[in-house]
Amino acid sequence: MEKQRRWARAAVLGGAALVLALGVVACGGDDDDDGGDGGGGGGKIGLLLPETKTTRYEAHDRPEFEAAVEAKCPDCEIVYSNANQDAAKQQGQVEAALTEGVDVLVLDPVDSASAASMVNLAEQQNVPVISYDRLILDSPGVDYYVSFDNTAVGELQGTSLSNKLAEDGNPTGPIVRINGSPTDNNATLFGEGAASAFEKAGVTVAKEYDTPDWSPDKAQQEMEQAITALGQDGFKGVYAMNDGTAGGAIAAMKSAGIDPKTIPTTGQDAELEAIQRLLVDEQYMTVYKATKLETDAAAELAVALAQGQDPPEGLVNGEEDNGVESVPSVLLTPVEVKKDNIADTVVKDGFWTVQQICTPQYAEACKAAGLE
Ligand code: GAL
């Protein structure tokens, strides 16, 4: 089925000659003896994650994906790499994974646009590609996309901050916007979702920055610049796109003598440090994305593709336009987390334990929040 899809696509794209050429490659594409496309019990799966500064990848995505594959396919092998925010490095990692003979690539691109060339390479070897968490743009070869509803993430952040500003008596802000990496398609979607919420509420943006590599250090510098330009009283809230950038922005406020408790700041990823900041009111909200659901779905698809089978019925629940094709997608629902629902979200799911969150420094705040 997967092959047929690829053949059909190739026929549309390049005519009969290309189909023939691909047909030849297809025979060589699974030359390992792990049973890959042959429908046996094993398979080689390439998992390529984009960075390490955001803690989710090494703390959750990688181990959860490995466990999910192990449970579904004990004989499958995973070839893992992390690009450390370097798109060129990721290109090399894709080439290495293909050389190792992976049957499928699960690729979370550093750069959503330039990753199209990596899909091209995979396609030449008849290796299917799952675009993981971030959509690979302008590529006709992406087989599946697994992510959260990323516009909804931005809407949650924007609505939450707008409501808090209104509650504080500052319904129009203004706010400082600390965006994520401009090469990450998710940052575009988060930004669109947030902007629609701010527009609806009439919240204005006094300063806005894109943060290369989602780097917390760069976010801190951006916030320092904003404080210098606007003055200590020149903004009433901070839209930070994820918890790493929120941490940078909050550090900048603290070192400028601004009490972060007085400036609601958003985040995303439910990082441990962010959950602790929520407890002591230094950060207002974060967005919990249950990575386990995402890794489960990706593992389900990857194992099926590695074994030349169709994905389980009902798993794919949508489509996403990547600029040149509509990619069958699994899209999950993000959840807002504030101090009062930590127990019902991240703790309930086992994303973090009370023990991990409630270190001695946070013991009192944990008690007050009913986390014991
Ligand atoms: C996004 C991802 C977020 C966050 C960010 C920084 O693409 O959806 O969860 O991790 O990248 O890497």
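This report describes a predicted model of a protein chain with a bound ligand, from the overall fold to selected residues.

## Overall composition

The protein chain contains 13 helices and 12 strands. Of its 372 residues, 54% are buried. The chain exposes about 14,900 Å², and carbon and sulfur atoms supply 50% of that area.

Contacts between residues at least 6 apart in sequence were also sorted by separation along the chain. In the protein chain, 73% of them join residues at least 24 apart.

## Ligand site

The ligand is surrounded by 14 residues, and the closest are Glu51, Asp133, Arg134, Asp184 and Asp269. Three side chains with polar atoms close to ligand oxygens can be listed by distance:

- Glutamate 51 has a side-chain N or O atom 2.4 Å from an oxygen atom of the ligand.
- Arginine 134 places a polar side-chain atom 2.7 Å from a ligand oxygen atom.
- Asparagine 186 has a polar side-chain atom 3.0 Å from an oxygen atom of the ligand.

On its own, the ligand has 300 Å² of accessible area, and the protein covers 100% of it.

## Helix H6

Helix H6 spans residues 185-201, a run of 17 residues. From its first C-alpha to its last, H6 reaches 25 Å, close to the 24 Å expected at 1.5 Å a residue. At the N-terminal end, aspartate 184 acts as the cap of H6, with a side-chain oxygen 2.7 Å from the backbone nitrogen of asparagine 186. Both residues of this cap also belong to the description of the ligand site: Asp184 is one of the closest residues to the ligand, and a polar side-chain atom of asparagine 186 lies 3.0 Å from a ligand oxygen. After H6 comes glycine 202, which has a positive phi, near 80°.

The buried residues of H6 are Asn185, Asn186, Ala187, Leu189, Phe190, Gly191, Gly193, Ala194, Ala197 and Phe198. In an α-helix there are 3.6 residues a turn, so residues three or four places apart point the same way. Among the buried residues of H6 are Phe190, Ala194, Ala197 and Phe198. The cover over the buried residues of H6 includes helix H5 (150-167) and the strands E5 (144-148), E6 (175-178) and E8 (237-240).

## Disulfides

A disulfide is a covalent bond between the sulfur atoms of two cysteines. The whole structure holds 2 disulfides. With the bonded cysteines of the protein chain numbered in sequence order, the pairing is 1-2, 3-4.

One disulfide joins cysteine 73 and cysteine 76, with sulfur atoms 2.1 Å apart. The torsion about its S-S bond is about 80°, so the link of cysteine 73 and cysteine 76 is right-handed. Cysteine 73 counts as buried because its relative accessibility is 1%, and cysteine 76 is buried with a relative accessible area of 13%. The other disulfide joins cysteine 358 and cysteine 366, with sulfur atoms 2.0 Å apart. This link of cysteine 358 and cysteine 366 is left-handed, with -95° about the S-S bond. Cysteine 358 has a relative accessible area of 18% and is therefore buried, the cut-off being under 20%. Cysteine 366 is buried as well, at 1%.

## Threonine 291

Threonine 291 belongs to helix H10 (residues 291-306). Its relative accessibility is 2%, so threonine 291 counts as buried. The side chain of threonine 291 makes a polar contact of 2.7 Å with the side chain of glutamate 64. Apart from residues up to four places away in sequence, threonine 291 touches Arg56, His60, Asp61, Glu64, Phe148 and Phe351.

## Valine 330

Valine 330 is part of strand E11 (residues 326-332). With a relative accessibility of 3%, valine 330 counts as buried. Its C-alpha atom is 6.6 Å from that of leucine 315, and the two residues are 15 residues apart along the chain.

Outside its neighbours within four places in sequence, valine 330 contacts Tyr145, Val146, Ser147, Ala297, Leu301, Leu315, Val316 and Asn317. Strand E5 (144-148), part of the cover of the buried residues of H6, and helix H10 (residues 291-306), which holds threonine 291, therefore both supply contacts of valine 330, including Val146 and Leu301.

Note on methods: Residues numbered from 1 in each chain as written. Predicted model: local features only at pLDDT ≥ 70, side-chain atom pairs only at ≥ 80, totals over all residues. Heavy atoms only, no water. Helix = DSSP H or I, 4+ residues; strand = E, 2+ residues; numbered from the N terminus. Buried < 20%, exposed > 50% of the residue type's maximum accessible area, 1.4 Å probe, protein only. Contact = heavy atoms within 4.5 Å. Areas by Shrake-Rupley, 256 points an atom, 1.4 Å probe, with all protein chains shown as cover. Expected span 1.5 Å × (residues − 1). Polar contact = N/O pair within 3.5 Å; in protein donor to acceptor, adjacent residues only side chain to side chain. Disulfide = S-S within 2.5 Å. Near = heavy atom within 4 Å.
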